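Here is a walk through one protein model, going from charged pairs to packing and then to empty space. Have the structure open as you read.

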Amino acid sequence: MEEADGSGGGIRSVLPLGSLISPSGNEVELPELDGKIIGLYFAANWYPKCEAFTPALAAAYEQLRARGAGFEVVFVSCDEDRPSFERFHRAMPWPAVPFGDLRCKKSLSDMFQVEGIPRLVVLAPGGAEVVCSDAVELVHRYGDPAFPFTPARVAELEADERSKFASQTLEKLFSVGHVNGGDEQVPISSLVGKTVGLYFSAHRCEPCVKFTARLAAIYGNLKGKSAEFEVVYIPMDKEEDGYERSRGDMPWLALPYDGEGVPSRALARYFDVREIPTLVVIGPDGKTVTRDGRNLVNLYFDMAFPFTEEQVRRQQELEDEAAKGYAPSLRHAGHRHELSVVSEKSGGGPYVCCECDEQGFGWAYQCIACGYEIHLRCGRDVEDGGAVGAGQ
């Protein structure tokens with residue numbers, strides 16, 4: 001552990017008011033933090049990543065509180081106005097530094113060199129030592145088992161994670177013995193030996209709706225080729241109605257809805273799912289092939305199957321060859337400047353296509369001045385109607 005620079009008497013030296021406030025606005029005396037590990041949560045209502053992380057931290061916090069783990073969180077707001085602070089704080093179960101205590105908030109930000117949010121600085125009891133300079137990633141990956149956030153505990157979790165992945169099988173992944181397939185139950189054992197996509201999605205998620213349609217088309221193509229491929233919907237829906245509506249749009253299997261989403265949350269945490277839609281691909285041997293199935297589908301469609309490194313490399317080689325048939329530059333209807341062909345070696349790294357909003361990698365039509373990028377295939381829609389060549 002490291003000392004908090006300039007802290008002297010620990011957290012007390014930078015909380016001059018001697019008290020915090022609860023989400024309801026009541027005072028919380030500083031002595032209530034005595035003997036506890038403290039997490040200083042730097043966040044703001046206006047930043048989507050903070051809004052997304054807060055529920056994960058709250059879930060871990062409630063679990064730790066329930067078992068008397070001696071953990072407390074203090075919200076240090078980076079909001080620009082009091083209504084935003086109060087609105088955000090009301091969604092939290094922990095106390096906060098008063099919004100008007102600018103001196104305290106600045107002292108804490110300076111002390112822990114906070115340059116980005118969300119940030120969770122974990123302090124040892126008394127607040128004089130830093131246990132973890134930023135535990136956001138740990139909470140995302142492990143939840144409450146990450147407590148007390150020490151290097152030793154992290155090493156244990158990582159070793160356990162490696163062991164689980166090494167011994168992973170399809171049956172071990174699921175806490176239930178079957179999945180739903182239309183009006184029948186399909187045993188998990190029947191999926192063994194196939195390539196299986198675990199599709200994390202939810203109803204009323206616009207990117208999910210778009211990707212579901214694309215994945216369904218590819219699924220149908222692969223089934224038509226008798227490919228040993230199956231997809232299982234892992235619901236991220238909060239209500240059963242959303243789950244049923246999502247299932248209605250999907251031609252594949254689905255994890256049963258249990259009301260609280262425990263199996264789904266367990267799988268999402270195991271695979272460190274941060275956003276939806278996400279497609280995790282499990283190979284015939286039960287081991288994880290890739291957690292990047294969504295991007296591979298968007299890049300290579302059904303030719304991504306079976307999603308192995310060898311198959312991806314083969315598709316990249318084919319894409320390199322196809323790129324030779326595209327015009328070196330063009331004017332696209334969606335941008336005012338001329339676009340030039342770039343490759344991974346000449347600036348075409350990972351990007352999101354400005355035409356179709358899907359993942360791109362390597363080859364692209366790019367505006368050097370603006371950073372506007374589109375897939376080569378999306379470059380067919382050119383203002384002058386000229387062809388860009390054969391290929392994709």
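The side chains of Arg 153 and Glu 156 meet in a salt bridge, with 2.8 Å from N to O. For a salt bridge, a side-chain nitrogen of Lys or Arg has to sit within 4 Å of a carboxyl oxygen of Asp or Glu. Keep in mind that this is a predicted model, where local features need pLDDT of at least 70 and side-chain atom pairs count only at pLDDT 80 or more, while totals for chains, interfaces and linings use all residues. Residues are numbered from 1 along each chain as its sequence is written, and side-chain values use heavy atoms, with hydrogens and water left out.

Both partners, Arg 153 and Glu 156, lie in helix 5, 3 residues apart, or about one turn of the helix. Helices here are DSSP runs of H or I with at least four residues, strands are runs of E with at least two, and the numbering starts at the N terminus. Arg 153 counts as partly exposed, with 24% relative accessibility, and Glu 156 lands in that class too, at 48%. The cut-offs are under 20% relative accessible area for buried, over 50% for exposed, and partly exposed in between, using a 1.4 Å probe and protein chains only.

Sharing of partners also happens: salt bridges join Glu 137, Asp 272 and Arg 274 into one network. In total, the count comes to 14 salt bridges. As background, side chains of opposite charge can pair when their charged atoms come close.

Here are three of the pairs side by side.

| Pair | Closest N and O atoms |
|---|---|
| Arg 153 and Glu 156 | 2.8 Å |
| Asp 110 and Lys 106 | 2.7 Å |
| Glu 161 and Arg 141 | 2.8 Å |

How far apart are Asp 110 and Lys 106 in helix 3? They are 4 residues apart in that helix (residues 102-111), so about one helical turn separates them. Asp 110 is partly exposed at 46% relative accessibility, and Lys 106 is exposed at 53%.

Glu 161 and Arg 141 form a salt bridge as well. This pair links distant parts of the chain: Glu 161 is in helix 5 and Arg 141 is in helix 4 (residues 136-142), 20 residues apart.

Now for helix 9 (residues 262-270), where Pro 263, Ser 264, Leu 267, Ala 268 and Tyr 270 are buried. They cover an arc of only 165 degrees around the axis, so they end up on the same side of helix 9. That arc is taken from the directions from the helix axis to the C-beta atoms. What do the buried residues of helix 9 pack against? Their neighbours are helix 5 (151-166), helix 6 (170-173), strand 10 (195-201) and strand 11 (229-235), with contact meaning heavy atoms within 4.5 Å. Just after helix 9, Asp 272 takes a positive phi of about 55 degrees.

Next, the open space. The largest pocket has a volume of about 1,600 Å³. Of the 43 residues that line it, Ala 52, Pro 55, Met 236, Lys 238 and Arg 265 are the closest to its centre. Helix 1 (48-66), helix 4, helix 8 (240-248) and helix 9 each supply at least two residues of this lining; the largest share, 9 residues, comes from helix 1. By class, the lining of the largest pocket has 20 nonpolar, 8 polar and 15 charged residues.

A few words on the method. The search runs on a 1 Å grid over the protein atoms alone: a cavity is a set of points where a 1.4 Å probe fits but cannot get out, a pocket is an open set with protein on both sides within 12 Å along at least five of seven lines, and lining residues have an atom within 4 Å of a point. Grid points are joined across faces, edges and corners, and a volume is the space filled by probe spheres set on the points. For the classes, Ala, Val, Leu, Ile, Met, Phe, Trp, Tyr, Cys and Pro are nonpolar, Asp, Glu, Lys and Arg are charged, and the others, Gly among them, are polar.

The whole structure has 1 cavity of 30 Å³ or more. Among the 10 residues lining the largest cavity, Glu 319, Tyr 351, Phe 361, Trp 363 and His 375 are the closest to its centre. Its volume is about 40 Å³. His 375 is in the segment after strand 20 and is buried at 3% relative accessibility.
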